[in-house]
Amino acid sequence: MCSFLPRVLLLVFCTSLLAHAETKPSWTTPIAPFQIADNLYYVGSQDLASYLVVTQKGNILINANLATSPAQIRASVEKLGYRWTAIKILLNSQAHFDHIAGAAQVLRETHAENMVMDGDVSVVETGARTDFLWPSPNIPGYPPAHVDRVLHDRDTVSLGGVTLTAHKTAGHTRGCTTWTMRAHLPGEPAGTTRNIVIVGGTGFWSEYHFVATPRHPVSYPGIVQDFQRTFAVLHALPCDVFLGAHGGYFDMLTKLEQYPQRGPRVFIDPVSYKDFVEDAQKTFEQALTEQQAGAARAKRP
Ligand SMILES: [Zn+2]
């Protein structure tokens with residue numbers, strides 16, 4: 001289709017595609033890594049979250065982020081005093097480019113095992129070409145990455161005595177994953193552990209079709225049920241420490257202002273977690289109602 005367009009138009013067309021997929025400055029602005037729990041550190045950028053789980057048998061990285069992010073993540077890991085090649089397992093929140101485009105490079109450099117939730121496996125292995133939104137300016141492709149272990153809902157990932165649980169919270173992507181673990185936070189009484197929740201993602205935009213219309217099928221069969229189940233799962237998860245795939249989910253930058261005085265306890269925030277899940281559910285239900293009304297209108301003669 002592109003080759004029939006006059007050159008100037010083609011340029012405008014392709015520039016607008018680029019503008020959509022453009023990365024936000026907060027995604028690439030580095031911040032100093034910091035500790036969240038005894039064995040959990042933040043190694044992402046200002047908004048793209050990446051977590052390092054430290055164990056006695058090597059470390060686990062959650063989220064490789066953008067294709068350009070591995071150098072930033074590596075610098076943060078090494079600043080904390082850990083070796084890049086000590087990363088034995090790579091996990092992710094979801095198969096969109098802002099959380100996983102850097103995976104191929106991380107795997108090449110660390111030889112870590114790549115573990116991905118069932119619904120996202122083919123997306124990761126094709127570099128987004130099988131994403132249900134593909135082709136879309138909002139779904140840039142990325143270097144494909146081989147998946148070593150396929151995860152299923154509530155599978156656990158264990159290394160060196162540390163266990164994470166993978167909760168399938170699909171809808172945003174078909175294998176969107178919320179990670180949980182229990183850990184002790186520095187400054188808390190010995191023997192006290194906290195429930196940590198790293199939300200995978202609950203958002204959507206106008207390209208997500210929840211209701212079939214004459215002009216468009218649903219984004220994928222079961223997408224509505226997936227979102228509804230995701231909210232039920234998130235509501236039921238016990239949460240003390242609220243984290244997520246984007247710093248913005250849990251107001252990270254605001255909380256960090258209190259970090260020098262209060263330390264990692266600034267992230268203990270079960271109330272904001274509940275609010276986040278409730279708001280996300282309301283936003284989804286409203287969109288679903290609007291799409292249902294739109295479909296009903298379209299059916300009328
Ligand atoms: Zn996403």
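**Reading a helix and its surroundings**

Visitor: What span should helix α10 have, and what do its end C-alpha atoms show?

Guide: Count the residues and allow 1.5 Å for each. Helix α10 runs over residues 270-299, so its 30 residues should span 44 Å, and the end C-alpha atoms are indeed 44 Å apart, which agrees. Keep in mind that this is a predicted model.

Visitor: Which residues of α10 are buried?

Guide: Start with the general idea. An α-helix has 3.6 residues a turn, so residues three or four places apart point the same way. Now the case here: the buried residues are Tyr273, Phe276, Val277, Ala280, Gln281, Phe284, Ala287, Leu288 and Ala295.

Visitor: And what do the buried residues of α10 pack against?

Guide: They pack against two strands and a helix: β11 (194-199), β12 (241-244) and α7 (223-236).

Visitor: Let's take one residue. Is Ala287 buried or exposed?

Guide: Look at the relative accessible area; under 20% means buried. Ala287, which sits in helix α10, has 14%, so Ala287 is buried. Leaving aside neighbours within four places in sequence, Ala287 is in contact with Phe204 and Phe210.

Visitor: How far is Ala287 from Asp153?

Guide: You can give that in sequence or in space. The two are 134 residues apart along the chain, and their C-alpha atoms are 26 Å apart.

Visitor: What about a residue in a loop? Where does Ser93 lie, for instance?

Guide: Ser93 is in the loop between β5 (87-91) and α4 (97-100). Don't assume anything from the word "loop": check the accessibility. For Ser93 the relative value is 0%, so Ser93 counts as buried. Not counting residues up to four places away in sequence, Ser93 touches Ile62, Asn63, Cys176, Thr177, Gly200 and Ala245.

Visitor: Now zoom out. How many helices and strands does the chain have?

Guide: The chain has 10 helices and 12 strands.

Visitor: What radius of gyration would a compact globule of 301 residues have, and what does the chain have?

Guide: Such a globule would come out near 19 Å; the chain has 20 Å, which agrees. The C-alpha atoms fill a box of roughly 70 × 40 × 35 Å along the principal axes. As for burial, 51% of the 301 residues count as buried.

Visitor: How much of the contact network comes from residues 24 or more positions apart?

Guide: Among contacts with a separation of 6 or more, such pairs account for 63%.

Visitor: Last one: how far apart are the mean positions of the positive and negative charges?

Guide: Average the places of each kind, then compare. With 25 positive and 26 negative charges, the mean positions are 2 Å apart.

Note on methods. Residues numbered from 1 in each chain as written. Predicted model: local features only at pLDDT ≥ 70, side-chain atom pairs only at ≥ 80, totals over all residues. Heavy atoms only, no water. Helix = DSSP H or I, 4+ residues; strand = E, 2+ residues; numbered from the N terminus. Expected span 1.5 Å × (residues − 1). Buried < 20%, exposed > 50% of the residue type's maximum accessible area, 1.4 Å probe, protein only. Contact = heavy atoms within 4.5 Å. Rg over C-alpha atoms; globule rule 2.2 N^0.38 Å. Lys, Arg positive; Asp, Glu negative; His and termini not counted. Charge placed at Lys NZ, Arg CZ, Asp CG, Glu CD.
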